[in-house]
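Here are some exercises to work through with the model open in your viewer. Try each task before you read its solution.

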Protein chains: 2
Amino acid sequence: MKASVPDTRDSVGIVEPQLLRFEQGVTLQCGEVLPNFELIYETYGQLNADRSNAILICHALSGHHHAAGYHHENETRPGWWDNCIGPGKPIDTSKFHVVSLNNLGGCHGSTGPRSTNPSTGEPYGETFPTVTVRDWVNTQAILADALNIEKFAAVVGGSLGGMQALQWAIDFPDRIGHAVLIACAPKLSAQNIAFNEIARLAIKMDSVDGSSDGALPGLGLARMIGHVTYLSDDSMGTKFGREVKSGDIEQGKDVQFQVESYLHYQGSRFAQTFDPNTYVLVTRALDYFDPAMEHNDNLENTLRRVKAKFLVISFSSDWRFSPERSDEIVDALVAAGKPTVSANITSSFGHDSFLMDIPRYFNVLKKYLASVAEELDA
Amino acid sequence: MKASVPDTRDSVGIVEPQLLRFEQGVTLQCGEVLPNFELIYETYGQLNADRSNAILICHALSGHHHAAGYHHENETRPGWWDNCIGPGKPIDTSKFHVVSLNNLGGCHGSTGPRSTNPSTGEPYGETFPTVTVRDWVNTQAILADALNIEKFAAVVGGSLGGMQALQWAIDFPDRIGHAVLIACAPKLSAQNIAFNEIARLAIKMDSVDGSSDGALPGLGLARMIGHVTYLSDDSMGTKFGREVKSGDIEQGKDVQFQVESYLHYQGSRFAQTFDPNTYVLVTRALDYFDPAMEHNDNLENTLRRVKAKFLVISFSSDWRFSPERSDEIVDALVAAGKPTVSANITSSFGHDSFLMDIPRYFNVLKKYLASVAEELDA
């Protein structure tokens, strides 16, 4: 019995994160300057001779550079997108060299609120400067420079990751062959912003009073709010129904529905590992994302400059970034005369669908990227 | 200029709340006994000679007995459902005697968490016993006894109020002529429960640490969460869009979207007047409501006993209690052979539609209740 050793037949296997330090620093969109910064990343699959087969993975709200494989033999869970990245998988590491990083402002090893502010000697904490999607794309390009990757065959992301892929196509038209936008939106709706603000206020309750003894930390509550919006009403009904975990309504106070204990668990687990200031920073980046704003809110005009080809995927039950939001992007791309493939996938899993192995979804992604690989070989 | 004097031509005018004390007490569904209790209520319109024209209004989550008219000449805002209750309005006080109360466990004058626990001499606070929809209906019937109203011509409610009207039809089949259920559901979904639990946790963060200096109280945050779920994505987009209230994204931290400042205002105003323990109690009553549970989850069998006729109204954009949830009630009523009128109203205002003067909605309600009045006269 070797149950603790993961089955790595279709896995990228054991991977080791790399850390790069950029002494040149970066000027952020907000005007503040980071005198230097570090980015942590992983790569999977071989870079080909002409360095043309790289795919950049952009992570979403609570993302991590560890997207595939295992850090060591005893790791019980692989990277967050391991079902999609690996030999023979949709993002096929036998064809592509995949780069996955933790974004600037993150809390998993890249420079962020937990890092030391060189001008004070203290951690940045909530004083870490505002970071936008444009800043992420800019620093991802600096990372690509360091890796000697002039152009990505594709930039791929779900949710907030898709926004980065879109921004890549706008800001670096010559450095991206294909943009793959999954469960994405061209900007947040007022409702999206409202849920983010509620999450930030939950976190702020903590920072005012210090950690609440016994109570779920504000970050845990913030995560619970997010989690409910990632799932669909149907999928929650299927998963939890109204099954009562403990207690008896007739007896009064101690009734806990399954869905409550699940969310408690998710919230407190998340709060143990994630940084509240990063959560605030990332939700703000989401709120601010609006590439059409500089073009009088005309997304079609915004997209005229792009040279990338697009794959846009949405999910029927996603009410956070509904298929209609993806259609806004598709319609603007079509109007701007850009090659675009789009697919609305029938799924009951809500926004979280983009992380799931849904046959039609994975098939579309796999076939599309296979044609990208063929382009490279041609 | 007499701008401060309200226009009361189609109003019930100046009304005065009444308080009734019930020394006989009540045994609650959870098994606990309140040795005595008080209910505060208002009435509008004349009770007829045979005492048959009374309509009971059941309030929703944050409801109040003050549903129509003004408490004094200088009151700037009338009762919460004044657009619907008054002479010539859908709930026509020239035809009906309307009774509107603050439910047991409330915080506007009826016995609740702010009341003194006679066994300790201290306010109940969070020790107030669990109250269910069945308990509310039971104590409303005790109030009706005191008012010498043997049977309500109709029991009317939106949202949680509709659940009370449904429970009335089940528990007191001979004491209710018509049940009017607006934006209602036969029980909460897992998603509904999840949002309620998040609201309760926000309140709990407060009670652990005491009131947070400067931060929005947990009750305010809870209200914000509720508020977002009462509106539709579309209506929030129309109302707020992405209009930025203050600050500049390029400048960093101080950007506030309109929707944020609106929700802050709503949340902090609510937190100043409402009681957090009542909020927890009422959301728990919502979670527990499930009249079909005693009948093996068979709503049709549950409804076989009812004698009331039903009007069931839902709203197209309501994602808290969607039209499909009302259809569950309608389908069960039809299957049980009960006279049922149903209307799905096209509206962009989400769950909050039930409080709005939407022409088809108010017309359906008015015509239906006019026929109820004709029945009484026949």
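**Exercise 1. Rings in chain B.** Is B:Phe270 buried or exposed, and how is its pair with B:Phe274 classed?

Start with accessibility. B:Phe270 has a relative accessible area of 9%, under the 20% cut-off, so call it buried. B:Phe274 counts as buried too, at 4% relative accessibility. Bear in mind that this is a predicted model.

Next, the ring geometry. A pair of aromatic rings is described by the distance of the centres and the angle of the planes. For B:Phe270 and B:Phe274 that gives 4.7 Å centre to centre and 20 degrees between the planes. Planes under 30 degrees apart count as stacked, and this pair is stacked.

Finally, look over the face of B:Phe270: B:Arg223 lies there, at 4.4 Å from the ring centre. Chain A offers a charge over a ring as well, with A:Arg175 over the face of A:Phe172 at 6.0 Å from the ring centre.

**Exercise 2. A pair across chains.** Work out how the pair A:Tyr288 and B:Phe257 is classed, and which elements it joins.

Step one is the count: the structure holds 28 aromatic pairs over all chains. In the pair we want, the ring centres of A:Tyr288 and B:Phe257 are 6.4 Å apart and the planes sit at 40 degrees, so it's tilted.

Step two is location. A:Tyr288 belongs to helix α7 (residues 276-288) of chain A, while B:Phe257 is in strand β12 (residues 256-257) of chain B, so the pair joins two chains.

Step three is burial. A:Tyr288 is buried at 5% relative accessible area, and B:Phe257 is buried at 1%.

For another group with members from both chains, pick out A:Phe195, A:Trp319, B:Phe195 and B:Trp319, which form one aromatic cluster.

**Exercise 3. Around β13(A).** Find out why strand β13 of chain A counts as largely enclosed, and which strands bridge to it.

Count the buried residues first. In β13 (residues 309-315) of chain A, 6 of the 7 residues are buried, so the rest of the structure largely encloses the strand.

Now take the partners. Strand β10 (residues 176-182) of chain A runs parallel to β13(A) and is joined to it by 5 bridges; A:Leu181, for instance, has A:Val312 as its bridge partner in β13(A). Strand β14 (residues 340-345) of chain A is also parallel to β13(A), with 6 bridges between them. There, A:Ser314 stands opposite A:Asn344.

Last, trace the connection: the chain leaves β13(A), passes through helix α9 (residues 323-335) of chain A and reaches β14(A), a right-handed β-α-β crossover.

**Exercise 4. Inside the core.** Which residues touch the most other members of the largest nonpolar core?

That core has 250 residues, and the answer is A:Tyr361 and B:Tyr361. Now zoom in on the chain A copy. Leaving out residues up to four places away in sequence, the contacts of A:Tyr361 include A:Trp81, A:Ile182, A:Ile313, A:Phe315 and A:Ile345.

**Exercise 5. Positive phi.** Compare the settings of A:Arg51 and A:Ala183.

Check the backbone first: phi is near 55 degrees for A:Arg51 and about 50 degrees for A:Ala183, which isn't a glycine.

Then place them. A:Arg51 is in the loop between β4 (37-44) and β5 (54-58) of chain A; A:Ala183 is in the loop between β10 and α3 (190-209) of chain A.

Accessibility finishes the job. A:Arg51 is partly exposed at 32% relative accessible area, whereas A:Ala183 is buried at 0%.

Key: Residues numbered from 1 in each chain as written. Chains lettered and ligands numbered in written order. Predicted model: local features only at pLDDT ≥ 70, side-chain atom pairs only at ≥ 80, totals over all residues. Heavy atoms only, no water. Phe/Tyr/Trp six-rings, centres within 6.5 Å; stacked < 30°, edge-to-face > 60°. Helix = DSSP H or I, 4+ residues; strand = E, 2+ residues; numbered from the N terminus. Buried < 20%, exposed > 50% of the residue type's maximum accessible area, 1.4 Å probe, protein only. Lys NZ or Arg CZ within 6 Å of the ring centre and 35° of its normal. Pairing = 2+ DSSP bridges. Right-handed = clockwise from strand over helix to strand, strands pointing away. Core = buried A, V, L, I, M, F, W, Y, C linked by side-chain atoms within 4.5 Å. Contact = heavy atoms within 4.5 Å.
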